[in-house]
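Trainee: Could you take me through this model and show me how each label is earned?
Mentor: Happily; let's put it on the screen first.

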Amino acid sequence: MAFMRLDKFLSDQGVASRKELKAIIRHGRVSVDGITVIKPETKIDSDVNRICVDGDLISYSKYRYFMLDKPCGILTATEDKKQKTVLELLSPEMRRMNLFPVGRLDKDTSGLLLLTNDGDFAHRVISPKFSVKKRYYAEVDGELTEEDEKAFKNGIELRDGLKCRPAELIRLGGKRCEVVLTEGKYHQVRRMLASVGKPVTLLRRLSIGTLELDKNLSEGEYRELNEKDLCKVFSAD
């Protein structure tokens, strides 16, 4: 990579703000290749230099990827003047990484939400062109039927004329089901179920591709994705 300022490198990795890092560096808490450096403007190459803060190695990653278990009542947005957004669930360090949500979950939907600073990755997940499957668990008001399954399989036309791709409705008994889509139109799962007379009372996203929401996460918690996780996002198996 090209040379960059030490304080910018550490800021890009979410260690602290540029202002905070100037103090951290000047107090001798940062080393480059084992040598203490006290000038924030020091030029480094992360492909060659070994940078540590308080003895901990800081590895360079241009792009970052996280899964979040989004709670209900939180907006899928980067900012909002009136309501709490998903970015406000993150640590101060992560909020400095320029992360944004991949697609959206509406305010009253919980479950798997991806966060990244990689625009190309986000486009591939969201775009119907790549047919990435998104699986949801839903509870509805009304008894789900075989006719509802057929309607989803054939592709539903919503009341405003919007045509949805064929989707999978899996009845789980009674008022419970799973829905699998390869697109993500506005409030699509809710609108599709409402169109067959089964308004949604609870909705939660379970997986994207074959990447399932980590069961070890509580609502509002998150973890970074590894290379294996990222491959699962685009896997159909």
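Trainee: What makes up the accessible surface of the protein?
Mentor: This is a predicted model, and its accessible surface comes to about 12,900 Å². Carbon and sulfur atoms hold 48% of that surface.

Trainee: How many of the residues count as buried?
Mentor: The share is 46% of the 237 residues. The label needs a relative accessible area under 20%.

Trainee: Why is G73 called partly exposed?
Mentor: Its relative accessibility is 36%. Buried would need a value under 20%, and exposed a value over 50%. Because 36% falls in between, G73 counts as partly exposed.

Trainee: Where is G73 found?
Mentor: Look in the loop between strand 7 (65–70) and strand 8 (100–101). You can also place G73 relative to V15: the two are 58 residues apart along the chain, and their C-alpha atoms are separated by 29 Å.

Trainee: What makes strand 9 mostly covered?
Mentor: Count along residues 110–116: seven of the seven residues are buried. Each of those seven therefore has a relative accessible area under 20%.

Trainee: How do you know that strand 7 and strand 9 pair? What is the number of bridges?
Mentor: Pairing needs at least two bridges. Six bridges join strand 7 to strand 9, so the definition is met. The two strands run antiparallel, and L68 has L113 in strand 9 as its bridge partner.

Trainee: What about strand 8 and strand 9?
Mentor: Two bridges join them. The definition asks for at least two, so these strands count as a pair. They run antiparallel, with P101 opposite L115 in strand 9.

Trainee: In which sense do strand 9 and strand 13 pair, parallel or antiparallel?
Mentor: Parallel, over two bridges. Strand 13 covers residues 200–208, and its R204 stands opposite S110.

Trainee: How many helices and strands are there in the protein?
Mentor: There are six helices and 15 strands. Along the principal axes, the C-alpha trace spans about 70 × 35 × 30 Å.

Trainee: What share of the contacts links residues 24 or more positions apart?
Mentor: Among contacts with a separation of 6 or more, that share is 63%. A contact here means heavy atoms within 4.5 Å.

Trainee: And how many positive and negative side chains are there?
Mentor: There are 43 positive and 38 negative side chains. The centres of the two sets lie 3 Å apart.

Definitions and conventions
Residues numbered from 1 in each chain as written. Predicted model: local features only at pLDDT ≥ 70, side-chain atom pairs only at ≥ 80, totals over all residues. Heavy atoms only, no water. Helix = DSSP H or I, 4+ residues; strand = E, 2+ residues; numbered from the N terminus. Buried < 20%, exposed > 50% of the residue type's maximum accessible area, 1.4 Å probe, protein only. Areas by Shrake-Rupley, 256 points an atom, 1.4 Å probe, with all protein chains shown as cover. Lys, Arg positive; Asp, Glu negative; His and termini not counted. Charge placed at Lys NZ, Arg CZ, Asp CG, Glu CD.
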